[in-house]
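Dear colleague,

I am passing on the structure we spoke about, together with some notes on what came out of it. Please keep it open beside this message as you read.

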Amino acid sequence: MRHIIIGGDGFVGRHLAPKLIADGEEVVVADIVKSNLAHYAQARFVHCDVTKPTDLAELGIRADDMVYNLSAKMLSPIQVRAKRHAFFFPVNYNGTVNIIEAMDRAGAPNLVHFTTDMIYGHTVVTPMTEDHPVAPLGEYGLSKWKTELLAHEWRERGMNISLFRPRLIIGPGRLGILSKLFKLIDLNLPVPMIGSGRNPYQFISVFDCAEAARLAWKAGVPNEAYNLGSLNPPPVRKLLGDLIRHAGSRSILLPTPGWAVKRTLDLLDLLNMPLMDPEQYLIADEECILDVSKGERELGWVPQYRDEDMLNAAYSEYRAAIDGKAAAAGAHAPAE
C-alpha cells in the first residue's frame, strides 16, 4: 500500500513517515515545503498546496492509497480578530474539501484526518468524551469542526474517515505559545497563571499522535472520532513548578483572578493587540481533560509520554537552541 501524507513535512508528519517506512510501506510526502529530513532518502516528496485543486490532481492519488491529512493553519502565530477567518479557513476547511474531492475522483476511500479538541469550547462535562457538546470559541476550532461535518457527509457516501482531536501537541521542533513561558522563566520573572493553577493541564506528544495515525490505518480506518491526550495530567501549578525547578530558575508562580485576566485579554483582542488567542485563554482555568479510553479500546492506542516530561524536554530544546546560537555567534566573533 502507498501512504500519502498531506502536510507531511510538518510536525506530526515528520514522525509518522518514518514509522510507516519502518513498517515496509511506500510513503509519499505532499507539502508546500521540504525540510532536510533523513527519511526523504526513502520517501518521495511532492510539492502540493491544498488550497489548489490542480496540485492535488497532479498528486496522482490512486484508489488503493491510504491518505492522511495533516495540513493545517494553527493558532500560532497569533492573528488579529479581523484576519482569523481568512487565515484558518482556506487551508483547514477548503483544503480538506479539495483533498476529499480529489480522493473521490480517484476512488480512494481511506482518510485519517486531524482536527482539534478546540471544537468542544467550554467544558461542560469532565473528562470530555468524544460525545461532549461541540461549541467552538473561535475561527480555528470552527474551521476544524466544519471539516468533521464534511467528513460525516462523505462517510455516508462510502468513505472511511478516522478523526483525531488532539490537545496541545508538543515535542521536538515546536514551541508555539510555550516560548513566551520559557522566556519568563529564563529571565527569572513571575509566571502568571490564569486562575489558581489548581486545574490540570493536558498535552499530547507528537510521537503519540503519529502512532495514533498509524494504528488507525492498521485498524482499517474506523469511521470514528478519537480524543488524543496524555494520561493523568497534573495541576497547572505542579506542572509549572516542576518546570521552574528543572530550569534552575528563580521565577515564582503568580495566581490571578481568572475572570479579570480574561476580560483584560478580551479588551486587548478587541484593540487588535492579542497576547493569546481567545480559544486559548477562555478555557485556561477550566478542567479541559480529554477522555482517551476510546482510542485504547478500539485502536490499541495508549499515550506513552507524561506532561511533565514533555514540557521539560521542550524547555531543554529551547535552551539548547539559544545556547547553540550564542556559541555560533561567538565562534564568528573577531579575536580581540
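Helix α1 (residues 13-22) packs against α6 at an angle of about 45°, and their axes are 8 Å apart, in what is, as with everything below, a predicted model. An angle of that size is neither under 35 degrees nor in the range from 65 to 115, so α1 and α6 are described as oblique to each other. Their crossing is right-handed. On the side of α1 the contact is made by His-15, Leu-16, Lys-19 and Leu-20, while α6 contributes Val-206, Phe-207, Ala-210, Glu-211, Ala-213, Arg-214 and Trp-217. By class, the residues in this contact of α1 with α6 are seven nonpolar, one polar and three charged.

Helix α6 itself covers residues 206-218, and its 13 residues reach 19 Å from the first C-alpha to the last, which is close to the 18 Å expected at 1.5 Å a residue. The helix is mostly covered, with eleven of the 13 residues of α6 buried. Among these buried residues are the charged Asp-208, Glu-211 and Arg-214, and also Cys-209, Leu-215 and Trp-217.

The second helix pair to look at is α3 (residues 84-106) with α4 (residues 139-155), which pack at an angle of about 15° with their axes 8 Å apart. Because angles under 35 degrees count as roughly parallel, α3 is roughly parallel to α4. The crossing of α3 and α4 is, once more, right-handed. Residues of α3 that make the contact include Arg-84, Phe-88, Phe-89, Tyr-93, Ile-100 and Asp-104, and those of α4 include Glu-139, Tyr-140, Lys-144, Leu-150 and Trp-154. The contact of α3 with α4 is made up of nine nonpolar, five polar and six charged residues.

Turning to the backbone, most residues other than glycine have a negative phi, and most peptide bonds are trans, so the following places may be worth checking on your screen. Ser-76 and Pro-77 are joined by a cis peptide bond with omega of about 5°, and Pro-77 sits in the loop between β4 (66-69) and α3. Another cis peptide bond joins Thr-126 to Pro-127, with omega of about -5°, and Pro-127 is in the loop between β5 (110-114) and α4.

Val-221, a residue other than glycine, has a positive phi, near 55°, and lies in the loop between α6 and β10 (225-228). With a relative accessible area of 4%, Val-221 is buried. Asn-272 likewise has a positive phi, near 60°, and is placed in the loop between α8 (258-270) and α9 (278-281). Its relative accessible area is 45%, so Asn-272 is partly exposed.

Finally, which residues does Leu-178 touch, once its neighbours within four places in sequence are left aside? They are Ile-170, Leu-311 and Ala-314. Leu-178 belongs to helix α5 (residues 178-186), and its relative accessibility is 7%, so Leu-178 counts as buried. The C-alpha atoms of Leu-178 and Tyr-315 are separated by 8.4 Å, although the two residues are 137 residues apart along the chain.

With best wishes

Notes
Residues are numbered from 1 along each chain as its sequence is written. This is a predicted model: local features need pLDDT of at least 70, side-chain atom pairs count only at pLDDT 80 or more; totals for chains, interfaces and linings use all residues. Side-chain values use heavy atoms; hydrogens and water are left out. Axes are lines fitted to C-alpha atoms, for helices over the stretch in contact, and angles run from 0 to 180 degrees between N-to-C directions. Helices (H or I, at least four residues) and strands (E, at least two) are DSSP runs, numbered from the N terminus. Angles under 35 degrees count as roughly parallel, over 145 as roughly antiparallel, 65 to 115 as roughly perpendicular and the rest as oblique. A crossing is left-handed if the near helix is turned anticlockwise from the far one by less than a right angle, and right-handed if clockwise. Contact means heavy atoms within 4.5 Å. Buried means under 20% relative accessible area, exposed over 50%, partly exposed in between (1.4 Å probe, protein chains only). The expected span of a helix is 1.5 Å times one less than its number of residues.
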